[in-house]
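I sat down with this model today and made a list of things to look up. My notes follow in the order I took them.

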Amino acid sequence: METQLDPTKDDLPLMANTSYMLVKHYILDLDVDFESKVIEGIIVLFFETGSWYRKTSSTGKGGCQSQFDEACKIRVSEPCHIPVTNVTACSSKTEYNDFAVCGKDEEGSSDKNGNHSNKEQPSGISSSKYCCDIENHGNKDFLLVLDCCDLSVLKVEEVDVAAVSGIEKFTRSAKLTAVSKELENLRNQIVHELVTLPADRWKEQLYYFTRCSQAPGCGELLFATGTWSLEIRKSGIQTPTDFPHAIRIWYKTKPEGRSVAWTTDQNGRPCVYTMGSPINNRALFPCQEPPVALSTWQASVRTAADFIVLMSGENSAEPVQLQEGILSWYYYVTMPMPASTFTIAVGCWQQVKQHSFTAAVQTNTEFSLPSSQADFRWHEEICGHVEYPCRFQNPAARLQAVIPYRVFAPWCLMERCEEHLLRLIPQCLSAAYTTLGTHPFSRLDVLIVPSNFSSLGMASPHIIFLSQSVLLGGSHLCGTRLCHEIAHAWFGLAIGARDWTEEWLSEGFATFLEDIFWAMAQQLSHDEVKGQQELKALLRWRRLRDEVQNSEEELQVLRPKKENTGELSESGVSVVKHGLKAEKIFMQVHYLKGYFLLRSLARTIGEASYLASLRKFVHKFHGQLVLSQDFLCMLLEDIPEQKE
């Protein structure tokens, strides 16, 4: 499949060549500066050779070369920073010692049309030449492409993981051959051994990831920035297998970067947070954005002592004072997730404390399980995902109806949070557990975000953002929205869409399940549940009808890529169709069409049987990426009489 990108259109390009190299772990070390509105620091990426390249190289096919032709077709050229040290591959006549800087630089000049010039460094290399014409003795170097936008990349280097004390334990494996004892191959073998450690050694794995991230560099790498990408190469390296599998990038965000919002909270205090941008996190750190790039991460964030750092991490971080007035916050995740799910919020938040009334409510909301659900939940099966410390295999986690939770807000909203939100969380969590089973994530933070937030809520691993508007709507609006976001822990996060254009797999399920959770949390009678759900269905039908009548038809399709849904180009490059369409952000059509499809299925086969199928689907596909047909095929296996 060839991918042609037109920068004037509204499709979001996913540029990372994940079929050749796949990131497995990130380590971020960042400083947040509210005066300059910049996040600056270092990111270290650990890679495995991509599945497509491993497959083609094992069969003797030369597949890597076509990547460069494809990159030339899809790339939107932009001037770049290229550190070049005696690289004859870039020019047969000129050698560059230090940095050959061309174009988009903070000190560079630009004319009124935005064309960057570089009078101080006239011998730079254009991006298009860099992409297509770099040769090494007649062969093209391998090019690692990361998703990147609105970032100033300062330096890229290979990390000498072999220099880490104690790392020799990862060189004793029988998998290491005599050839791999060469230093460059040894480094890549160490990374391979580290990223493939079994799940029960996750603490050791995180320890050595941290040690490796602090190892010295062993040579700068060449890089260029494009409109949507960061391209990295090492002179003379022509295959992903030989390319460095641990690289370190120095970079800083830009105040206008679209992945985070610099604003003030409801008390007028400065804050910054990831607000669910259409471009995801590529303006926060260089990454691989395609959903297939499931990775773990660790992050250390330093900021002034007045601020609290919240993240989508498994641990409830406790700050460490580095110096007077500066605190460091450390988070990690061990469940591989797409980079787009990384979430951060830094502000002068206050924690809303639990009081005795709230604790009593939690005690009284441990709903009993129907025997059919209990029998299913204790049924031991091997998980279908890549290995990680999975809560579905943890007996204690499987019994946890209410996971630990915290609520944060600006101090002016703390009373409303205590009145409406805090007491609802255990009820909604317990209802979700009763319906779907094991909570995929070990804890939950809920943050009331600033008033510039354009949605009612947003779910990420371990953290939910809620709009202040839900507090003004009383318990009903607060509860239904909370249930919707809690449902995303299963549908949207633990089970992700392999193709982001199939967003109904996340939003349709969450919209359907919010009614189930909320009715159970309220402990309504059967007639009350039916009346409430019928009323909501009518209101949703009217909203859907209005949207269908007043929006572009192509934006209403649940699978806009049709038979090409889930397909990637040879290198892994793809697009999110209509991903940058401005009006799409405010549309509900995928929520509502998905909801009505699921509601129709539930009414056809009966709610009890349908919910049992949902639990089976969760158990089978958690930790994995799915397409529509995965759900529908499994459902029809359970109810063969409905196949027609």
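**Aromatic cluster.** I started with the rings, keeping in mind that this is a predicted model. I found that F491, W504, F509, F617, F621 and F631 make up one aromatic cluster.

I then asked how many aromatic pairs there are by the rule used here. I got 24 aromatic pairs. I looked at Y207 and Y208 as one of them: this pair is edge-to-face, with 5.0 Å centre to centre and 85° between the planes. Are the two tyrosines buried or exposed? Y207 comes out at 43% relative accessible area, so I noted it as partly exposed. Y208 has a relative accessible area of 8%, so I put it down as buried.

Back in the cluster, I checked F617 against F631: they also form an edge-to-face pair, at 5.3 Å centre to centre and 80° between the planes. F617 belongs to helix α16 (residues 607-621) and F631 to helix α17 (residues 628-638), so by the program's account the pair links distant parts of the chain, with the two residues 14 apart. I checked burial here too, and both F617 and F631 are buried.

**Charges over rings.** Next I looked for charged side chains on ring faces. K155 has its charged end over the ring of W250, 4.7 Å from the centre. I also wrote down R540, which lies over the face of Y595 at 4.4 Å from the ring centre.

**The three-stranded sheet.** I moved on to an open sheet of three strands and read its order as β8-β12-β11, with antiparallel pairing. Which strands stand at the edges? They are β8 (144-147) and β11 (222-225); each has a single partner strand, so one side of each has no neighbour in the sheet. I noted an average twist of 20° from one strand to the next.

I followed one pairing further: β11 and β12 (residues 229-233) run antiparallel and share four bridges. In that pairing, T225 sits opposite L230 of β12.

**T480.** My last entry is a single threonine. I placed T480 in helix α12 (residues 474-487). Why does T480 count as buried? Its relative accessibility is 7%, and buried means under 20%, so T480 qualifies. I then asked which residues T480 touches, not counting those up to four places away in sequence. I found E514, W518 and K536.

Note on methods. Residues are numbered from 1 along each chain as its sequence is written. This is a predicted model: local features need pLDDT of at least 70, side-chain atom pairs count only at pLDDT 80 or more; totals for chains, interfaces and linings use all residues. Side-chain values use heavy atoms; hydrogens and water are left out. Rings of Phe, Tyr and Trp (its six-membered ring) pair if their centres lie within 6.5 Å; planes under 30 degrees apart count as stacked, over 60 as edge-to-face and the rest as tilted. Buried means under 20% relative accessible area, exposed over 50%, partly exposed in between (1.4 Å probe, protein chains only). A charge sits over a ring if NZ of Lys or CZ of Arg is within 6 Å of the ring centre and within 35 degrees of the ring normal. Two strands pair if DSSP finds at least two bridges between them. Axes are lines fitted to C-alpha atoms, for helices over the stretch in contact, and angles run from 0 to 180 degrees between N-to-C directions. Contact means heavy atoms within 4.5 Å.
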